[in-house]
Amino acid sequence: MTWRSPLALVREALRGQRAREKDLRNLASNLPYEGLEKGKQPNRYFPGNAIKTTKYTLLLFIPMNLFEQFHRLANIYFVGLAILNFVPVVNAFQPEVALIPICVILCLTALKDAWEDFRRYQSDRKLNNTPCLIYSRKEKQFVERRWKDVRVGDFVRVVCNEIVPADLLLLHTSDPSGVCHIETSNLDGETNLKLRRTMSGLCISHPVFEPESFNSVVVCEKPNNNLNHFKCYAEKPDKEKVGAGIESLLLRGCTVRNTDHAVGFVVYAGHETKSMLNNNGPRYKRSKLERKLNINVFFCVILLFTMCLIGALGHFLWLQALPVVPPFLVPDSNGHLDSPSLSGFYMFFTMIILLQVLIPISLYVSIELVKIGQIFFITNDIDLYDEDTDSRVQCKALNITEDLGQIEYIFSDKTGTLTENKMVFRRCSIMGTEYPHKENGKPLSSCYSTFHWVSHSCRAESSSSSSQKIDPYLDFFLALAICNTVVVSMATAQRQRVSSLHSRQTNNPLNTLSNLVKKPGSLHRIFTFWQRKPKRNRTISEDSVTEGDDFNPPVKTEEPGDINGLQTCSLYAPSQCNMPATTSDNLSYEAESPDEAALVYAAKAYGFTLLARTHDSVTVRLPSGEDLVFEVLDTLTFDPIRKRMSILVRHPITKKFVLYTKGADYAIMELLGTPYAGMCRQHQKNIAADTQHHLDCYAKEGLRTLCFTKKIVSDKMYESWLVNRRRALAAIDNREELVMDTAVQLETNLSLLGATGIEDRLQESVPDTIVALREAGIQVWVLTGDKPETAVNIGYACRLLEDEDLVINMSCKNKVRRPLSASLKVGCLTQNPRNVDTTQDISLVIDGRTLTMALSSDLQDRFVDLAKRCRSVLCCRVTPLQKSRVVKVVREKLKVMTLAVGDGANDVNMIQAADIGIGISGQEGMQAVMASDFAISRFRHLKKLLLVHGHWCYTRLANMIIYFFYKNVAYVNLLFWYQFFCGFSGTAMIDYWLMIFFNLFFTSVPPIMFGIMDNDVSAEMLLGVPELYRMGQGAGAYKFSTFWVSMLDAFYQSLVCFFIPYLAYQDSDIDVFTFGTPLNTISLFTILLHLSIEIKTVIHWVIILGSVVLYFIVTLAYSGLCITCNPPSNPYWILQSQMADPMFYLICILTTVVALLPRYIFHVLRNSIAPSPLAQARHLDRLDPSTKSELIKEWRSFRGGGQVKRSRLSTPPSPTLETPVDIHLQSPISSDVMGDEFILNVITENYQRERNVNSEESEEKASKLQSLMLFLWKWSVHTPNPLVKRAELSLAYFILQ
Amino acid sequence: MGRTKKMVKEELANRPDNTAFTQQRLPAWQPMLSAGIVIPGFVIIGLAFIGIGVALFVTSQSIQLLELDYTGVEQTSPCFKCSDPNAKNCMCELTFSTDTLFKGPVFFYYGLSNYFQNYRSYGVSKDDDQLSGNLDNFKSPSDTCAPYEYDRNNKPFVPCGAVANSLFNDTFKLYQIVNGAKKVVPLDGKGISWWTDYNIKYRNPAVTPLKNAFNGTVKPLYWSKPAYELDPSDPANNGFINQDFLVWMRRAALPDFRKLYRRITDGDYAEGLPAGNYSLQIAYNYPVLSFEGRKKVVFSNVSWMGGKNEFLGIAYLVIGSLCVVMSVVMLIVYAKFKFPEEE
């Protein structure tokens, strides 16, 4: 190490700082500089790959940890008190003893922190020492090093199943096509494989990669934590720039799969890697109860100060009243006595020391213990355990269990949360003809017709070979099979085999088609062979084919049982079809979204088997058993703005460039262009209209819809597009937008092939759960990205919407966003919101666009006001950001406890915005779970989690906290009352150690055990009567009134506990500590029996008795041993002598009874005269099961009113396609009343062509609204239904203000 | 079979144990506090309390108590002359009479009022090690004794501290006046302190004669004679194990207190004080007027419940009756508002 001037060092450090802060980084290979000293390294400014996640170092642990702990205000307070003990003027007896409790608490916390940090240190060390392969110029090969040795600019080689040590720019892989699969489960929990590509145009196409030949400079952006975004380009020596994105980046922490080895260039290392930047420890949330608790602690502080002031003042007055110095007044060592005012001032602090127990020091520790216990029981609940995934409920946030019992609003995602997210292909519409895929018979019809068409077209082709037309049916299924990013993985097969497979097959594409011609007949036979009722089914299906144009839904055959059959059919059709499927059997598809997998499986069911996908080709086996290999020219990946994806392939037979696009219907329909080759425009239009009709019907059935299109791209067009595309890919600024623009350029003039309907089945017991949650007083909102029709249908299916509900459908047709308000002052419907009670039967359906308007700052108050009257709200087509905004607005405006539940990455925002975020570990990866506070595996678990555990946790903790306050006040007041009889001199009549023990041991275990184990009402009752949950909402059991009532009780009890013994021992020869002993004992009995009003199980009895026994054993032992150990008390033999005195027992019994009598009498009278629902439930709990269930029913019908009527509808109304709901209302304002179902569609339209709002327009709008009002008014006059009127009023309130 | 079971177990490794404890289904025994259940409880408690109350009250009534204030505030009081702070070695005599036999054993207390033995800094002002006979603490008493630690000549006080210093030093002699002549009533000063104090807590240093242990120390400021000469009649009642000293050192809990002075158990008076006239000769030393205190002597006989205290008996009677009344109220409530399920 050479000496360098400090100035140079500073300059170097500054330069390093600047290099790290720059927006763009230039990285060069380290190899030319290998072996040189650090100052010469080009990448020396960037941190190495060693990581350190520990918070503390060995030397600085104690100061740092203490600093950390003193962030807690309570700790500072307690330490301050302990220090106060050492101030001489306060006359503390044993200042050292006062340190014990705070030291114990600090030590416990420090131990916990140290252990956690040690664990982090160990895992860091393990990670840093993991071996990896780094290229060394000296040895001309990759040599084994440790992770910590990796530096930016190194070349690292990772082999199959190895974890990537740093963020690598992929330069070379063992795969000839330059792809590498990675599994990102360490990062986001998603187990599907992701494809990464080498940087095109850079890699040296030798079979062996030579890092030394890499002479480009890699320019990349500043490190950021976005896992799905990366921009960089490599500048070759000849100034040519090659761009790369996230698809070329191997992230630290990922595992390489399906690829022998890969070589990458380290761009970010250590703490700058994306995975490390994403790693921001656990979140700390403060629960509502804790916030209130702090207010009460504050009250206690005020109380303490008041008592101390009284003491100080009393002392002053007492001293003042003394004529001369009495013998018991002890002057200081100089024989000097302080003036009464100074003594009174000092006495204030002495009193603080004496009465400090009033602020429960052990409360915070106890709360933490209780929460650990509660979490233990939540995670151990077998009802919240899912056998399919072998997963329990996970509690990620450790300190908000009690918030579960206070939820008022639930925001739920739909897909994967309410539904299974196991997609099942149900229906498809091809060229305007609808094919259901429902029963065993149905696939045949589509199969049959498909092959009919296929054979027909093939025949046509064979007859006229000049025809360029490939049949749309073939195209449809091809699109199904290839237009996706599904990765084929085989259990055993190697990539090579698949490659060789298709290289062999590509030779004879013509055979393929000719074989196709022959096959259908045989297939048909086989199909009919395994059918049970071939004849009849075929007729039906034939019918449906012929009647395809005026879509006739087979509602009558819809039975709940057919779901399994359907699945079997769709998934296993090929093998039953006796396909030559030796290879396709062990194929499994790994898709990014379950929809894609469902489509690929559906295509497979119809014989179009996706066999292999590589970077530049995709192989499909046709029903004939022949394989087609398409050359993939480009994949325009899905993005949420375009809402579609495309794949550009070269057709192996026609050699034409074909673009297959799939996407949401509204994203596709507007792109349909030139008619299909050879067909007239009108026909194409008809197809589009029919398909749209089918799509609407699908949506109404609750299916997820996708449209498939095809486009033949001319060679010329492709060439020109390719240039743009390349440029866009190489761009570093605005790369995303440019790439998207190129995609949009190509995706025009599409021709429609058809549409698919995929069913996303409801999870089990979702309706029950929603009904129960609603009865529990929780409003359930569903926020979904789906179409309104789909969402409404799911809403009905899961009983979010009921048949008799009034559904307000708000949507605006116009795209231009303008504030809805427009200052319309029509009439003065000043409706006091208080008068309109929370309506039970209005539901609101609102779509994303309207929601954006409704959440704008000027309208959100009104929106929230309207929404809070609605029983349920359904937001459709909302973006993740909107989801979180809705949650935030409701949470802030209504000041309610919110819970968000979701399963996908799109729910993360919402989950984080809510008071409690719940992740459902489902099909869509773990991102939601990672962001959540609690993770469950099924939606129905929410019911028990909230209604039972939430209620329990909340009541337990609330009761425990109140009890803690009570206990301390009751006990400390004894000391306070004694001050009136000792000249306010701060004397304690109870031994100091016993006082500490009293709080630490004798009376702390029972409340903690109650906090963990108390079951105020059985789980059965809580689930049976969800209304009981309402007890916890709002202020719940922990109200200020509850707090003050228990404070008053504490005052009363302490008065009794002090003055009965006082009167009994008056004028006797009792000494100080003999007087204190019965007081202590009485307090123990009173405080423990106070708790036993709520006593529940044997364990509680054992603990309470154990505490009493412990008290006597410890006190007796202490009194038996301490002769002069603890001056001035020296409680030697005091309890023993007291226990030999019958008066002791008589006083104890009397005092305890008198102290507890009011509370018990109050409980008894309340339970008898006006029992709370909880008391009633508790009462029912004790009856035998049969009468209990009967009474629960009776009770609910009595209390809930409407519930019985609803529960009669045990099966949710299945919305069918027959329901004539017209959703294509073009008139700006219209409404429909259909039978029992009130569906009111309010479509607010924006007439925003011109920018300025002229008065005429306002008038027009006003008149329209007035007509709406008039209509509503008439309607409500005609319908003798009060709820309609209520709906109308709140609606009017919303619109007209 | 076993293997499949094991496999199932392995597969569902995360499955929680289905026990009553983890599933929170422990058998609950829950006293439901409704009127129907507590009525019998109230009746039982009420009756029991009334019983105890009656017993206590009767016992308390049977206790005889005689209190004589001898502070000497009133000019008529025979001790008025002694209440002057300047009077030294003042003696006064109090006469009283009993109509009936004062049943024995009679306990003879002295009582002080408005005297705060429980004052915080007063209570600490002693040296327990010194009092347990540790000679090192004779030489250098604990700091807690300050300012009654060393005298002006820097000699240690033994016993040190405010408690010992303020030892009550009035002495009493009781005479029965039989036919105009004074007959001494023997007072028993043995065993009036706690047994543990006398035998364990307080110890004299193992030096004979005891006087030698006190070499180089001075007697407390207010004391008239040193600790080893407190009771000239009984050498075993000197030093720190002097009964009067022990009684004083056990600090009273409340500002109005009495402390046991003697018991009358011997000779003619074993059965009690017969009816007649008595004369109490008081050596008046202890000043109490400085803090508006009062001094008194109390003669009392004791029962199993200690001294006379009517409060407890009355309290038991009141609470017992209250319980009975409450049970009647409950009965009405129960009849009116019982749960429908209890039918």
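Here are some worked exercises on a predicted model with chains A and B.

**Exercise 1. Describe the interface between chain B and chain A, starting from its extent and ending with its make-up.**

Step 1: Begin with the contacts. On one side there are 85 residues of chain B, and they are in contact with 105 residues of chain A.

Step 2: Turn to the area. The two chains bury about 8,000 Å² between them, and 67% of this is on carbon and sulfur atoms.

Step 3: Look at polar pairing. The rule finds 22 residue pairs in polar contact across this interface, with both residues at pLDDT 80 or more. Helices H2 (35-62), H3 (120-124), H4 (128-131), H7 (195-201) and H10 (310-337) of chain B, together with strand S7 (257-264) of chain B, each give two or more residues to the side that touches chain A. H10(B) supplies the largest share, 11 residues.

Step 4: Sort the chain B side by residue type. The residues touching chain A divide into 52 nonpolar, 16 polar and 17 charged.

**Exercise 2. Find the salt bridges of B:Arg250 and say which chains they involve.**

Step 1: Count the salt bridges between chain B and chain A; there are two. One of them pairs A:Asp1071 with B:Arg250, with the closest N and O atoms 3.2 Å apart.

Step 2: Now stay inside chain B. B:Arg250 also forms a salt bridge with B:Asp197, where the closest N and O atoms are 2.9 Å apart. B:Arg250 lies in the loop between helix H9 (243-249) and S7 of chain B, while B:Asp197 lies in helix H7 of chain B, so this pair ties together parts that are 53 residues apart in sequence.

Step 3: Check the surroundings. Both B:Arg250 and B:Asp197 are buried.

Put together, B:Arg250 has a partner in chain A, A:Asp1071, and a partner in chain B, B:Asp197.

**Exercise 3. Work out which parts of chain A the salt bridge between A:Asp383 and A:Lys944 ties together, and whether each residue is buried or partly exposed.**

Step 1: Take the distance. The two side chains meet at 2.8 Å, N to O.

Step 2: Place the partners. A:Asp383 sits in the loop between helix H9 (361-379) and strand S14 (394-395) of chain A, and A:Lys944 sits in helix H29 (residues 941-979) of chain A, so the bridge ties together parts that are 561 residues apart in sequence.

Step 3: Read the accessibilities. A:Asp383 is partly exposed because its relative accessibility is 42%. A:Lys944, with a relative accessible area of 10%, is buried.

**Exercise 4. Classify A:Asp154 and A:Arg151 by accessibility.**

Step 1: Confirm the pairing. A:Asp154 forms a salt bridge with A:Arg151, with the closest N and O atoms 3.8 Å apart. The cut-off that admits this pair is 4 Å.

Step 2: Compare each residue with the limits. A:Asp154 has 6% relative accessibility, so it counts as buried. A:Arg151 has a relative accessible area of 35%, so it is partly exposed.

Step 3: Widen the view. Over all chains, a search of the whole structure finds 37 salt bridges. A:Glu290, A:Lys371 and A:Glu402 are linked in a network of them.

**Exercise 5. Describe the setting of A:Thr419.**

Step 1: Locate the residue. A:Thr419 is in strand S16 (residues 419-430) of chain A.

Step 2: Judge its exposure. A:Thr419 counts as buried because its relative accessibility is 0%.

Step 3: List its neighbors. Leaving out residues up to four places away in sequence, A:Thr419 touches A:Lys414, A:Asp760, A:Arg761, A:Leu762, A:Gln763 and A:Ile794.

Methods. Residues numbered from 1 in each chain as written. Chains lettered and ligands numbered in written order. Predicted model: local features only at pLDDT ≥ 70, side-chain atom pairs only at ≥ 80, totals over all residues. Heavy atoms only, no water. Contact = heavy atoms within 4.5 Å. Buried area = accessible area lost by both parts, 1.4 Å probe. Polar contact = N/O pair within 3.5 Å; in protein donor to acceptor, adjacent residues only side chain to side chain. Helix = DSSP H or I, 4+ residues; strand = E, 2+ residues; numbered from the N terminus. Nonpolar A, V, L, I, M, F, W, Y, C, P; charged D, E, K, R; others polar. Buried < 20%, exposed > 50% of the residue type's maximum accessible area, 1.4 Å probe, protein only.
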